[in-house]
Amino acid sequence: MNWVGPAAPPSPALSRRRRLAFHITALLLPFAVFGLGEAVCRLCGFGVYPHVLQRVATDGNRVWYGTNRQGTDTFFDIRRSVGGGMRELQFITPKPPNTVRIVLLGESAIQGFPQPLPLTNGSFLEAMLRDLWGGKRQVEVLNLGATAVGSFPVTCFLDEVLQHEPDLVVIMTGSNEFYGAYGVVSLRGLGRTPAGMRATRWIRKLGLTQWLDTVLRPTSAQRGTLMERLAVDRQIGRDDPLRRAAATSLRAHLTAMVRRCTSRRVPVIVCTVPTNERGLAPIGVDVEPALPPGTRSVFHDRLASAEQALTANPGDTAQLARESLRLWDQSARAHFILGQALTELGVHAEARDEYVKARDLDTMPWRATSAAQEIAHAAAAAAANAGAVLCDMEAAFRAASPGGAIGWELMDDHVHMSLRGQALFASTIASTLTSMPEPLHVERGDLDGLAGWDSYAQRLGHSVYSDYLAATHLRTLFDIPFMRRGNPAALERYDGLCRSLIAGMSQIDSTAVERWHDPTLHGATERPVEFVVGLYRMAAGDYAAAAPLFQVAQMSVPVLSLWSLELTWRQLTCNRHLHEEPTPQDGQLAQQAIRIGDLLARNNGAGNPQLLRYLGLAYNLVGDHASAIACLEKVVRTESGGEGWEVVAALADSYQQLGQTDAARGVLSRATQDPAMATAAQQMLQRIEGGGTTAGGDSGRR
């Protein structure tokens, strides 16, 4: 007999409202979990991108802003490759009255690499406009070009720039659309579209993304540049979809930048990009010709014969190169060899066309192509009525080049301008301003009165040291395997130049330059080579040579920095060895040091012993002895040797000037225990005991 228990009572059916609530809760639960995780990550410091232009200091009325390497690094996978950065620049917001602020935006081609900051295009432009405008208005040129970035990051930089009162924005970009940060090779799939780039940026900014990145992808032990990671043996042929993606990205972002400027009524100049056409062979290796094996062998044989005959018989080279191109017209190398032969034959217009074809077909497109130049033309033309102006920089460089094809005269490598090229860029922008309204307008007739480019270069600090700096950076660039492969002569060129420049230096200077190569000397940024040479000259007693070197070095470092403060004091020290009494210039330099030191101290730098050291020395020099004592008392016990004596002497002098003789005796007595200070300290003690004064020079001499 089977027993069947009583049936379970049926479950009550959920009401429609409860079912809806259940479904909504189920849908929202993942978002809630995501939100909670994101909140926790943000509390732990993830999910925040620093600004590219960060607040540096304030004096109560004005705010100082400066470029921030951590901000530009956010566009790179710095766990895998070295990030790109801007020059260290600072500026004031609100800008000073009657000042025209011009901002240069783009990649390293506009940044001025490999020249030092005082010799970049922005410095030339600023000097030229000061001469052209006279005293009518002040000019401030901020070069915010960044290395190794595509056009999308530049668009993001512009968003910050527009908050800081630019009177003109100059944009030149287009060389890094493949391999730069947010270039189409560095991204995947939909991320290669403009919308995908924005989405990628948003996703990478999430706290959860950044936390997972630190957990799942530890920092690589060996980090190279982004170009070195992405471009090795990668061939991008003429019909590769990446070329269309790069053009789409550049068009979208350049158009957006022009629109953002004009919508804010900020005039904008769009520049085409000059490239090394005649001097640089294609960087990439040609795609293997799609020919039958026998025909392919004929192609390679004729091209090799063409290259071998170039020096001895350019006519034969031209014929063989043309025969090769009839077999396969997508060879960048063949077009370049034909261009070289035509240059030798004096057929310059046709030669330039071949160089351009070689550049455009280069399977490693690290130079702005003809498509990029056309996009710049179109972006400016589309907004011409709203204040956009085209500056055909490529045409200007061609006009100044032998045979009309750009080469080593104006370019240092593939896209970076030589010293003369930096000046030509500046004068071309100045010429473009003749078509623009006040306050930017330049009278065309006044351009003829400008000094030559070499005169401006000398005024801005050009020297054998700046030439050596540029040559060392270029030697490093052309020593990269893929650069050395196609252009071995360029490496020999810059290696030979470095050796020649060193050979022409004195023993002191060459020793200083060798020390400059030590990476431990520099820290986060590179110390100017003039800084190091000046220190060695100063140590050798050559104060007359050291002082101007420190002055040039100071133009290469941020105004509000310990380096700037130190360089100001170094100039003062040199001057006090060269003159019996402080000069009016010394007073100005000391006041400058006080302004810098005071701002740094008021903005989280008050406990820095180096800051207190130089600030106290400056106070002593201008006669503010109470302030000098307040600074120097905090650092004097850590000072030693010859460098320490100037602190001891200045402190003792300030004590004596305020009638604190016992305090002066005490600090000098302690100094007699240091062999490097003993003699000078004894002499100063004797003057105090004899009733003499310590004022007027001991603190600046050793």
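Two strands pair if DSSP finds at least two bridges between them. Helices (H or I, at least four residues) and strands (E, at least two) are DSSP runs, numbered from the N terminus. This is a predicted model, where local features need pLDDT of at least 70, side-chain atom pairs count only at pLDDT 80 or more, and totals for chains, interfaces and linings use all residues. Residues are numbered from 1 along each chain as its sequence is written, and side-chain values use heavy atoms, with hydrogens and water left out.

Start with the sheet of five strands. This open sheet has the order 6-5-7-9-10, and its pairing is parallel. Strand 6 (138-143) and strand 10 (388-391) stand at the edges. Each has a single partner strand, so one side of each lacks a neighbour in the sheet. Neighbouring strands here are turned by 20 degrees against each other on average, direction ignored. Axes are lines fitted to C-alpha atoms, for helices over the stretch in contact, and angles run from 0 to 180 degrees between N-to-C directions.

Look inside this sheet. Strand 7 (residues 168-172) and strand 9 (residues 268-271) run parallel, joined by three bridges. Val170 stands opposite Ile269 in strand 9.

Which strands does helix 14 touch? Helix 14 (residues 370-382) packs on the sheet against strand 9 and strand 10. Contact means heavy atoms within 4.5 Å. The direction of helix 14 makes about 150 degrees with that of strand 10. Helix 16 (residues 419-432) packs on the sheet too, touching strand 5 (99-106), strand 7, strand 9 and strand 10. The direction of helix 16 makes about 140 degrees with that of strand 10.

Now turn to the sheet of three strands. This one is open, with the order 1-2-4 and antiparallel pairing. Its edge strands are strand 1 (53-58) and strand 4 (90-93), and each pairs on one side only. The twist averages 35 degrees from one strand to the next. Four bridges join strand 2 (residues 63-67) to strand 4. Val63 stands opposite Thr93 in strand 4. Helix 26 (residues 584-605) packs on this sheet, touching strand 1 and strand 2. The direction of helix 26 makes about 110 degrees with that of strand 1.

Last comes a helix pair. The axes of helix 29 (residues 641-657) and helix 31 (residues 678-689) come within 11 Å and cross at roughly 10 degrees. That makes helix 29 roughly parallel to helix 31. Angles under 35 degrees count as roughly parallel, over 145 as roughly antiparallel, 65 to 115 as roughly perpendicular and the rest as oblique. Trp645, Ala649, Ala652, Asp653 and Gln656 in helix 29 meet Ala680, Ala681, Met684 and Ile688 in helix 31.
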